[in-house]
Each structure stands twice: as structure tokens, then as C-alpha cells.
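Welcome, and thanks for taking a look at this one with us. Please open the structure below and keep it in view while you read.

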Amino acid sequence: MTYPTGTAALALEIAQAEIGTVEEGDNLTKYGKFTKADGLPWCGSFCNWVLAQAGVKVHSIVSTAVGAHKFKETSRWSETPAIGDLAFMDFPHDGVDRISHVGIVAAIDGKTIVTIEGNTSGSGDQRNGGMVMVKSRTIGKEVVGFGRPKYVPYKGDYPIIEVEAPKKSILKKEKK
């Protein structure tokens, strides 16, 4: 199914098709080439690329801290998520005390959101992990706020995007 141009639904469909994409070499991706930032951490480049493919104009978020600040400056910042928002993250205890990662909100369940993120990993580096993945994140823990792109209004269905349950936690439960 293809959703209308400029909608959050189309952005999610495009992002979903990228799940599993892995960088080539050190931070080398089509997303980085698109933003002229190849070789740099690419979570923001991924979001910029997805939104551009969906026909949504947004400022550069290659630098996640600067990108978040720009959303605040333009009154497009929110503490409450909407589908398609950009979730900005600052991971506690990672040695980088600022916004350092971003993903696209795909689902919301109270304080837990499902995101599609570029340059993350399963259990390794969450903000420079080398792969496009679906993640579950917590508002008020690592998620500090949301940038809201100017999407075209849309009142239809959205792609269903779910986090795969990690196999380790299932094994632990069986052993108890």
C-alpha cells in the first residue's frame, strides 16, 4: 500500500522498508550520502532521508542536538508524542550529556513508544550501532522530547510496526 505524499503514514512505510539496513564500513550509508554527512553517525541522516522520500520538508537533523533545538525554536517541539514525530534521545550514563540520538515514532503505549531508528543496535551502542531497527523506548528515561514535522493531515490507517521480542528474555522466563 502506498500512503499519500507528505503524510506520517508514508514516512513510516518508507522507514519500515529500511529495517535491517546495515551501514557499509564506518558510518557509510545512502542516508549519509543524501545529507552530505557520510562517515558521520547517521541516525539524523536516516530521519532526514525518510522524510524527504515521503515528501516532507524538515530542517537538517544530522546534528541531533541542533535539530532538536530548531524544533524548539520553531514551536514544533512537544513533550507528548504523535505518530510520525521525531523522538529525540539522551541516553543516561553514556558519557554524552546531551541529545545524541533520534528515531521516528511508529507506535505509542503510555510512556512507551515504538520507534524506527537508524544507526542503532540490539544490545550494543544505541546511538552509533550501525543498523536500522525497531526499538522500544521510554518517555522521560532516554526520550527527552519530540520534534513534529509538518505532515499533510491524514485520517486513514497507518503501517503496523512492532518490536520483535528479544529471544534472551524468553529463555530466562523458561528457566525460572
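The report below walks through the sheet, the helices around it, two cysteines and the aromatic side chains. Please bear in mind that this is a predicted model.

**The sheet**

Let us begin with the strands. Six of them make an open sheet, an arrangement of 6 strands in the order β1-β6-β2-β3-β4-β5, and the pairing is antiparallel. The edges are taken by β1 (77–78) and β5, each of which has a single partner strand, so one side of each has no neighbour in the sheet.

How many bridges join β4 to β5? There are 7, and the two strands run antiparallel. On its other pairing, β4 meets β3 in the antiparallel sense over 5 bridges. The hairpin of β3 and β4 has 2 residues between the strands, and G110 takes a positive phi near 65° there.

Some individual partners help to fix the register. I104 has I116 of β4 as its bridge partner, and I116 also stands opposite V134 in β5. Following these residues therefore takes you from I104 to I116 and on to V134 in β5. Elsewhere on the β4 and β5 pairing, I113 has R137 of β5 as its bridge partner.

Is β4 enclosed or open to the outside? It is largely enclosed by the rest of the structure, because 8 of its 9 residues are buried.

**Helices around the sheet**

Two helices can be placed directly against the strands. α3 lies across β2, β3, β4 and β5, and runs at about 60° to β3. Helix α4 (residues 64–73) lies across β1, β2, β3 and β6, and its angle to β2 is about 125°.

Helix α1 (residues 8–18) is mostly covered, with 8 of its 11 residues buried. The buried residues are A8, A9, L10, A11, L12, I14, A15 and E18. What covers them? The cover includes the helices α2 (30–34) and α3 (43–53), together with the strands β3 (101–109), β4 (112–120) and β5 (131–138). Just after α1, G20 takes a positive phi of about 100°.

**A buried serine and two cysteines**

S100 is in the loop between β2 (86–89) and β3. Where a loop residue might face outward or inward, S100 is buried, at a relative accessible area of 8%. Leaving aside residues up to four places away in sequence, S100 touches C43, T64, M89, F91, D94 and R127.

One of those contacts, C43, leads to the cysteines. The structure holds 0 disulfides. C43 is in none, and the nearest cysteine sulfur to its own, that of C47, is 6.8 Å away. That spacing between the sulfur atoms of C47 and C43 is too far for a bond. Both side chains are covered, since C43 is buried with a relative accessible area of 3% and C47 is buried at 0%.

**Aromatic side chains**

The structure holds 7 aromatic pairs. Two that involve Y154 are set out here.

| Pair | Centre to centre | Angle between planes | Geometry |
|---|---|---|---|
| Y3 and Y154 | 6.1 Å | 90° | edge-to-face |
| Y154 and Y158 | 5.4 Å | 80° | edge-to-face |

Why does the pair of Y3 and Y154 tie together parts that are 151 residues apart in sequence? Y3 lies in the segment before α1, whereas Y154 is in the loop between β6 (143–147) and α5 (167–175), so their rings link those two parts. Y3 is buried, with a relative accessible area of 9%. Y158, the ring that also pairs with Y154, counts as partly exposed at 30% relative accessibility.

Which residues form one aromatic cluster? They are Y31, W42, F46 and W49.

One further ring has a charge for company: the charged end of K72 sits over the ring of W77, 4.6 Å from its centre.

**Putting it together**

To recap, the antiparallel sheet has β1 and β5 at its edges, while β4 is largely enclosed. α3 and the strands β3, β4 and β5 are among the elements that cover the buried residues of α1. Finally, the pair of Y3 and Y154 joins the segment before α1 to the loop between β6 and α5.

Conventions. Residues are numbered from 1 along each chain as its sequence is written. This is a predicted model: local features need pLDDT of at least 70, side-chain atom pairs count only at pLDDT 80 or more; totals for chains, interfaces and linings use all residues. Side-chain values use heavy atoms; hydrogens and water are left out. Buried means under 20% relative accessible area, exposed over 50%, partly exposed in between (1.4 Å probe, protein chains only). Helices (H or I, at least four residues) and strands (E, at least two) are DSSP runs, numbered from the N terminus. Contact means heavy atoms within 4.5 Å. Two strands pair if DSSP finds at least two bridges between them. A disulfide is a pair of cysteine sulfur atoms within 2.5 Å. Rings of Phe, Tyr and Trp (its six-membered ring) pair if their centres lie within 6.5 Å; planes under 30 degrees apart count as stacked, over 60 as edge-to-face and the rest as tilted. A charge sits over a ring if NZ of Lys or CZ of Arg is within 6 Å of the ring centre and within 35 degrees of the ring normal. Axes are lines fitted to C-alpha atoms, for helices over the stretch in contact, and angles run from 0 to 180 degrees between N-to-C directions.
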